[in-house]
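This report looks at aromatic packing, at a pocket and its lining, and at one helix residue. The sequence and the model are shown here before the description begins.

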Amino acid sequence: MDKPFIVALDFASKEEVRSFLQLFSDTSLFLKVGMELYFQEGPAIIDELKQRGHDIFLDLKLHDIPHTVKRAMKGLAKLGVDLVNVHASGGSAMMRAAIEGLEEGTPHGMNRPRCIAVTQLTSTSEQMLRDELCMERTMEEIVLHYAELAKTSGLDGVVCSAKEVPLIRERCGEQFLTVTPGIRFANDDKNDQVRVVTPYEAKQLGTNYIVIGRSITKAHDPYAAYERLKREWDGGQ
Ligand code: C5P
């Protein structure tokens, strides 16, 4: 996991994935496989991507009783993925069970997949927290509380907005990973993301990994967009 850019493979089939990856020839990428692709193609897509030399974030956002999450994570660890996640709202027992399952399932001699928690989805608003989920505290307080809960439960980090990174690092320390979606180039369409930052802003805010989807996958020239991402991350134009 030495690459700070995670490209979201938000595609519905392996054929679409293959034609996208053809554009990158020999470049080894850090790829995010989410529910859409995994529920269509299953573990075979993970195998295929690994064989091509890519790192994998399997973004299935588990949330269930501790026993079920533990057993599910045991199975996911066997796939040899690098990063997985859960919803922090599943609670500390569930998060500890996730880590236990990953430890049990990791093949001998390999590293346990790192596990991060979703604090609040970027599609959740403060109004929704209050009116639908009966949560009276502010978004920031809830995100920080969930980040601390994830840390004390043994998780490796959180998914969060880049704007939340400085506070999370202050509360949870430099070793606690921050993985941030909502990344757009300066002149891009925001689509459904509300709070977006540029790659360079995300780096300045101290994020460890950025998750970037449509700005690369829907670009006229995805390879050129990826090269631009690398340049901008390093402070260039
Ligand atoms: O296309 P875009 O760059 O907006 O894609 C962002 C990716 O990050 C999508 O796969 C989305 O599901 C994921 N994500 C997100 N917000 C979260 C968690 C995951 O946008 N809080």
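In this predicted model, ring pairs join Phe-5, Phe-11, Phe-20, Phe-24, Tyr-223, Tyr-226 and Trp-233 into a cluster. The count of aromatic pairs comes to 7. Among them, Phe-11 and Phe-20 have ring centres 5.4 Å apart and planes at 45°, and because this angle is neither under 30 degrees nor over 60, the pair is tilted. Both Phe-11 and Phe-20 are buried. A contact of another kind involves Phe-185, where Arg-228 lies over the face of the ring, at 4.2 Å from the ring centre.

The largest pocket holds about 1000 Å³ of space. Its lining is made up of 42 residues, of which Leu-121, Thr-122, Ser-123, Pro-181 and Gln-193 are the closest to the centre of the pocket. The elements that contribute two or more residues each to this lining are β2 (30–34), α2 (35–41), β3 (55–62), α7 (139–152) and β8 (209–212). The table gives the composition of the lining by class.

| Class in the lining of the largest pocket | Count |
|---|---|
| Nonpolar | 19 residues |
| Polar | 10 residues |
| Charged | 13 residues |

Ser-123, one of the residues closest to the pocket centre, is also touched by Met-128, which in addition touches Leu-133, when residues up to four places away in sequence are not counted. Met-128 itself belongs to helix α6, which covers residues 126–131. With a relative accessibility of 27%, which falls between the 20% and 50% limits, Met-128 counts as partly exposed.

Notes
Residues are numbered from 1 along each chain as its sequence is written. This is a predicted model: local features need pLDDT of at least 70, side-chain atom pairs count only at pLDDT 80 or more; totals for chains, interfaces and linings use all residues. Side-chain values use heavy atoms; hydrogens and water are left out. On a 1 Å grid over the protein atoms alone, a cavity is a set of points where a 1.4 Å probe fits but cannot get out, and a pocket is an open set with protein on both sides within 12 Å along at least five of seven lines; lining residues have an atom within 4 Å of a point. Grid points are joined across faces, edges and corners, and a volume is the space filled by probe spheres set on the points. Helices (H or I, at least four residues) and strands (E, at least two) are DSSP runs, numbered from the N terminus. Ala, Val, Leu, Ile, Met, Phe, Trp, Tyr, Cys and Pro count as nonpolar, Asp, Glu, Lys and Arg as charged, and the others, Gly among them, as polar. Rings of Phe, Tyr and Trp (its six-membered ring) pair if their centres lie within 6.5 Å; planes under 30 degrees apart count as stacked, over 60 as edge-to-face and the rest as tilted. Buried means under 20% relative accessible area, exposed over 50%, partly exposed in between (1.4 Å probe, protein chains only). A charge sits over a ring if NZ of Lys or CZ of Arg is within 6 Å of the ring centre and within 35 degrees of the ring normal. Contact means heavy atoms within 4.5 Å.
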